[in-house]
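Me: I'd like a close look at one part of this model, the packing of its interior. Please start with what sits at the heart of it and work outwards to the loops.

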Amino acid sequence: MSTAVSPDLRRIWRGARIPLALVALIFGAGALLLLGRGEQTHGALEPGSYEPGGAHALAKLLRDQGVDLRTAHTMAEADDAVGQNATLLVTQPDLVPAKRLDAMRRGSADVVLVAPGAVTLHDSLPLVRRESDNDVGTLSPQCTVAAAVAAGDVTLGGTGYAAPGARSCYPGEDGGGTLLQLADAGGTTTLLGSAAPLTNSRLAAQGNAALALRLLGAHPRLVWYLPSVSDPGLDDTRKSIFDLIPAGWYYGAAQAGIAVVLLALWRARRLGPVVTEPLPIVVRAAETAEGRARLYRRAKAADHAGETLRKAARTRLRTALGLPRDADPAALVASVSERTGRAANDVGAVLYGPPVTGDAELVRLAGELDRVEREAGRT
């Protein structure tokens with residue numbers, strides 16, 4: 001049994017087969033390219049990253065020169081890889097605690113720090129000071145450091161540094177060397193003001209490749225350490241967000257707060273003496289009492305209304321009998337009983353009895369309180 005294909009389906013297939021073939025070819029070529037490039041990483045100065053800010057090109061050059069390049073993303077990996085025959089590159093030194101960074105520096109032959117900030121300078125390199133912040137551009141060495149002299153002009157800039165006894169290269173427009181080399185015991189520590197000469201996008205320009213190869217390829221092994229805030233080795237020494245805020249921000253916030261307070265004091269309304277003025281209307285006390293009574297009735301709060309009546313009666317009786325405001329119930333009951341001739345139990349039941357449970361009891365209570373007050377001398 002054969003199945004016939006409609007002419008419409010044949011026409012649709014003839015029109016769509018060429019675009020479908022092109023799409024399949026594009027996807028196939030993309031898959032081959034991805035497979036051919038192998039596993040990649042992403043991020044600034046990542047040795048496996050092909051991005052403009054990555055460092056795959058430099059990593060390949062170093063490996064072609066016979067350098068054993070070991071990438072470390074955690075402090076534990078960096079500690080295991082460093083040695084006296086190794087160069088240590090730290091891409092974000094400010095994230096590494098001072099004690100751990102100093103220990104890795106002592107355990108390595110040479111150290112290269114990329115754009116160390118105030119934290120690293122204060123804790124690990126106290127003799128080094130920041131001189132300036134410069135734009136990245138083409139700079140001349142103007143020093144005697146072998147790697148800089150061999151490389152010639154390079155693309156550098158960023159932070160300019162200065163330190164007594166250090167060799168300063170590639171001075172920026174505002175002063176300070178954007179490459180500073182310090183002599184350590186058995187090796188050197190080099191500070192780069194910017195990562196520009198190490199990146200894929202800048203490596204082929206000027207003498208960037210020559211400078212990078214001489215700084216990082218002087219020893220058989222290179223430990224490429226990329227610290228990050230997710231490094232579990234930093235948990236015990238990680239600083240809070242408040243420790244990372246520069247001190248200038250706190251001073252600025254304090255000044256802004258003082259300015260706001262002074263502005264508020266300046267613009268605040270000056271309050272003078274109290275000025276009396278007649279009320280627009282006069283409301284009789286009886287109307288107020290009736291309105292409040294209606295609210296109690298609507299809320300079915302007979303017990304609350306009864307206690308309000310008792311409290312007011314007790315206050316008036318203390319005044320009439322000359323008792324202090326804080327006289328205890330026993331003294332008030334005894335005084336009222338003596339003045340009216342009523343039994344103390346009856347007076348206590350009226351003034352301090354159980355809560356009323358309905359409107360009828362509330363009316364009876366109001367009458368009893370009124371009689372007690374009249375008999376006590378309140379008319």
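Reply: Happy to: what follows goes from the core to a helix, then to a few individual residues.

This is a predicted model, in which local features need pLDDT of at least 70 and side-chain atom pairs count only at pLDDT 80 or more, while totals for chains, interfaces and linings use all residues. Residues are numbered from 1 along each chain as its sequence is written, and side-chain values use heavy atoms, with hydrogens and water left out.

Let's begin with the largest nonpolar core, which has 32 residues. (A nonpolar core is a set of buried Ala, Val, Leu, Ile, Met, Phe, Trp, Tyr and Cys residues joined through side-chain atoms within 4.5 Å; buried means under 20% relative accessible area, exposed over 50%, and partly exposed in between, with a 1.4 Å probe and protein chains only.) Tyr170, Leu216 and Trp224 have the most contacts inside this core. At least two of its residues come from each of α2 (56–64), β3 (110–114), α6 (146–151), β5 (154–162), β6 (167–171), α7 and β9 (221–225). (These are DSSP runs, numbered from the N terminus: H or I with at least four residues for helices, E with at least two for strands.) Helix α7 gives the most, with four residues.

That makes α7, residues 208–216, a good place to zoom in. Its buried residues are Asn208, Leu211, Ala212, Leu215 and Leu216. They lie on the same side of the helix because they cover an arc of only 105° around its axis, an arc taken from the directions from the helix axis to the C-beta atoms. In soluble globular proteins, nonpolar side chains tend to be buried together.

Leu216 shows who the partners are. Setting aside neighbours within four places in sequence, Leu216 is in contact (heavy atoms within 4.5 Å) with Leu58, Leu62, Thr87, Leu89, Val112, Leu198, Leu222 and Trp224. Apart from this core lies another, of 24 residues, including Ala72, Leu125, Val128 and Leu191.

Leu125 leads us on to Thr120, which touches Leu125 as well as Pro93, Asp94 and Leu101, not counting residues up to four places away in sequence. Thr120 belongs to helix α5 and is buried, at a relative accessible area of 3%.

Between β3 and α5 (118–123) there is a loop, and Ala115 is found in it. Most residues other than glycine have a negative phi. Ala115, though, has a positive phi, near 50°. Ala115 is partly exposed, with a relative accessible area of 35%. Beyond its neighbours within four places in sequence, Ala115 is in contact with Tyr161, Leu192 and Gly193. Leu179 is 64 residues away from Ala115 in sequence, while their C-alpha atoms are 9.6 Å apart in space.

Another positive phi turns up at Lys300, about 55° and again not in a glycine. The residue sits in the loop between α10 and α11. Lys300 is exposed, with a relative accessible area of 77%.

If you trace just one path on screen, go from Leu216 in α7 to its contact Val112, on to Ala115 in the loop after β3, and then to buried Thr120.
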